[in-house]
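Hi,

Here is the structure I promised to send over. Have a look at it first, and then read my notes underneath.

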Amino acid sequence: MEKYIYLDNNATTMVDPKVLESMLPFFKDRYGNPSSMHSFGGLVGREVEKARMQVARLVGAEHDYEIVFTGSGTESDNMAVMGVLGYYRDRKHVITSRVEHPAILSLCKKLERDGYRITYIPVDRDGNLDVEMLKSSVDDDTAIVSIMYANNETGVVFPVEEIGAFLKQKGVPFHVDAVQAAGKIPIDVDKINCDLLSISGHKFHAPKGIGALYVRRGTRMRPILYGGHQERGRRPGTENVPGIVGMGAAAELALEHLPEYDSRVRKLRDRLEEGLLRGHKNAVLNGGRTNRVPNTTNVGFEFIEGEAILLYLDEKGIAASSGSACSSGSLEPSHVLRAMGVPFTSAHGSIRFSLSRYVTDADVDYVLSVMPGIVQRLLEISPYWDSKKQEPLPINL
Ligand code: PLP
């Protein structure tokens with residue numbers, strides 16, 4: 001395949017070649033079990049511990065043992081919420097937001113069926129969380145608050161430090177889903193004052209199928225899996241050693257590259273976004289401009305279908321993603337855009353572009369050069385657009 005311009009890094013990222021290099025020995029001659037008594041396994045165990053330290057540094061954990069390796073961001077999220085609920089069995093209230101990832105929202109739906117009371121905190125038109133409502137929703141029955149650091153669709157960053165300070169004072173366990181923050185903005189579990197924090201390797205250039213949960217020392221929870229003594233009994237099962245080693249290497253690289261995200265990647269994203277908004281009469285930004293991770297932009301193209309844009313982009317060798325999901329035969333806008341109150345006319349035509357440090361100036365130039373042709377072609381066949389006048393038809397939606 002010719003060069004593909006990959007702007008879907010919030011879905012997953014390329015494994016950094018240095019990360020792959022670090023993993024290879026553990027598929028070959030270093031295949032020992034880290035739990036074994038012999039030195040062949042012990043050597044591997046030491047590499048697992050090195051990775052734990054690297055991941056601890058990425059999130060600002062004081063102790064390496066506060067990092068538990070898991071199989072994914074989804075597992076980390078489930079372990080955090082279910083683990084805490086397993087301890088506080090008499091508390092039946094959970095607080096989260098309306099725009100969380102399904103790893104939390106689907107779990108909350110299941111918890112509702114099991115008799116839990118879930119408060120879903122709303123967001124405003126810019127995607128910002130109603131923090132005052134969150135604070136007033138906490139009561140004696142609240143077992144855990146689970147809030148994401150950065151939204152996967154819009155990149156909007158939530159004020160987790162303010163929430164953490166409040167919850168610490170109330171003594172309520174706080175879980176942060178930082179899957180979309182890791183590698184894009186600095187994370188410091190002490191500044192956030194969280195008890196638990198999830199990350200996922202494949203979002204920051206480690207492979208898929210490896211995640212981690214930060215568990216603050218002293219956090220009261222129960223395991224969700226039962227088995228051996230791995231991960232201090234908190235996540236039994238023989239470790240995914242190559243994945244763990246890769247995640248450690250990726251964590252170290254992520255820290256090194258954070259300044260580049262704040263400068264070069266942010267500038268590229270801003271140039272792409274400004275070009276799209278200026279270049280198209282029907283383009284609107286989804287999510288506020290200020291509190292965002294530096295790699296994400298979500299732009300709604302009114303009166304046309306996001307899926308059609310994606311197909312044309314794909315033809316041109318560009319990967320992005322849309323703000324709607326095919327569900328039960330109808331194209332429903334995503335729960336995030338719906339929660340923000342994005343109008344039907346632009347929610348359906350929303351495209352998320354998510355960059356990485358591998359994206360270049362030339363990539364952004366190329367996207368900006370092909371988009372006008374795609375958008376114009378789709379407007380011409382849109383039932384809501386007057387092609388002669390180049391303006392929306394006067395239709396009451
Ligand atoms: N949380 C957020 C915010 C995400 O964006 C994702 C993945 O897209 C997850 C959790 C789940 O992570 P994983 O794909 O590792 O299960």
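Below is what I found, starting with the domains and moving on to the ligand and the salt bridges.

A quick word on the basics: this is a predicted model, so local features need pLDDT of at least 70 and side-chain atom pairs count only at pLDDT 80 or more, while totals for chains, interfaces and linings use all residues. Residues are numbered from 1 along each chain as its sequence is written, and side-chain values use heavy atoms, with hydrogens and water left out.

**Domains.** The domain assignment splits the protein into domain 1 (5-11 + 259-391) and domain 2 (17-254); such bounds come from an automatic or database assignment. Their C-alpha centres are 29 Å apart. Where they meet, 28 residues of domain 1 are in contact with 27 residues of domain 2 (contact being heavy atoms within 4.5 Å).

The two domains bury about 2300 Å² between them, with 52% of that on carbon and sulfur atoms. Buried area here is the accessible area (1.4 Å probe) that two parts lose on being put together, summed over both. On the domain 1 side, V293, H335 and M340 lose the most area to domain 2, together 23% of what that side buries.

What holds polar company across this interface? The rule finds twelve residue pairs in polar contact, both at pLDDT 80 or more, but zero salt bridges. A polar contact is a pair of N or O atoms within 3.5 Å; within protein, one must be able to donate a hydrogen and the other to accept it, and residues adjacent in sequence count only if both atoms are side-chain atoms. A salt bridge is a side-chain nitrogen of Lys or Arg within 4 Å of a carboxyl oxygen of Asp or Glu.

**Ligand.** There are 13 residues around the ligand, and G73, T74, D177, S200 and K203 come nearest (a residue counts if one of its heavy atoms lies within 4 Å). Three side chains put an N or O atom by a ligand oxygen: Q180 has a polar atom at 2.8 Å, H202 has an N or O atom at 2.9 Å, and H101 has one at 3.3 Å.

**Salt bridges.** The structure as a whole holds 20 of them. One to look at is R352 with D8, where the closest N and O atoms are 3.0 Å apart. This pair links distant parts of the chain, 344 residues apart: R352 is in strand β15 (residues 350-354), and D8 is in the loop between β1 (5-6) and α1 (17-23). Helices (H or I, at least four residues) and strands (E, at least two) are DSSP runs, numbered from the N terminus.

Cheers
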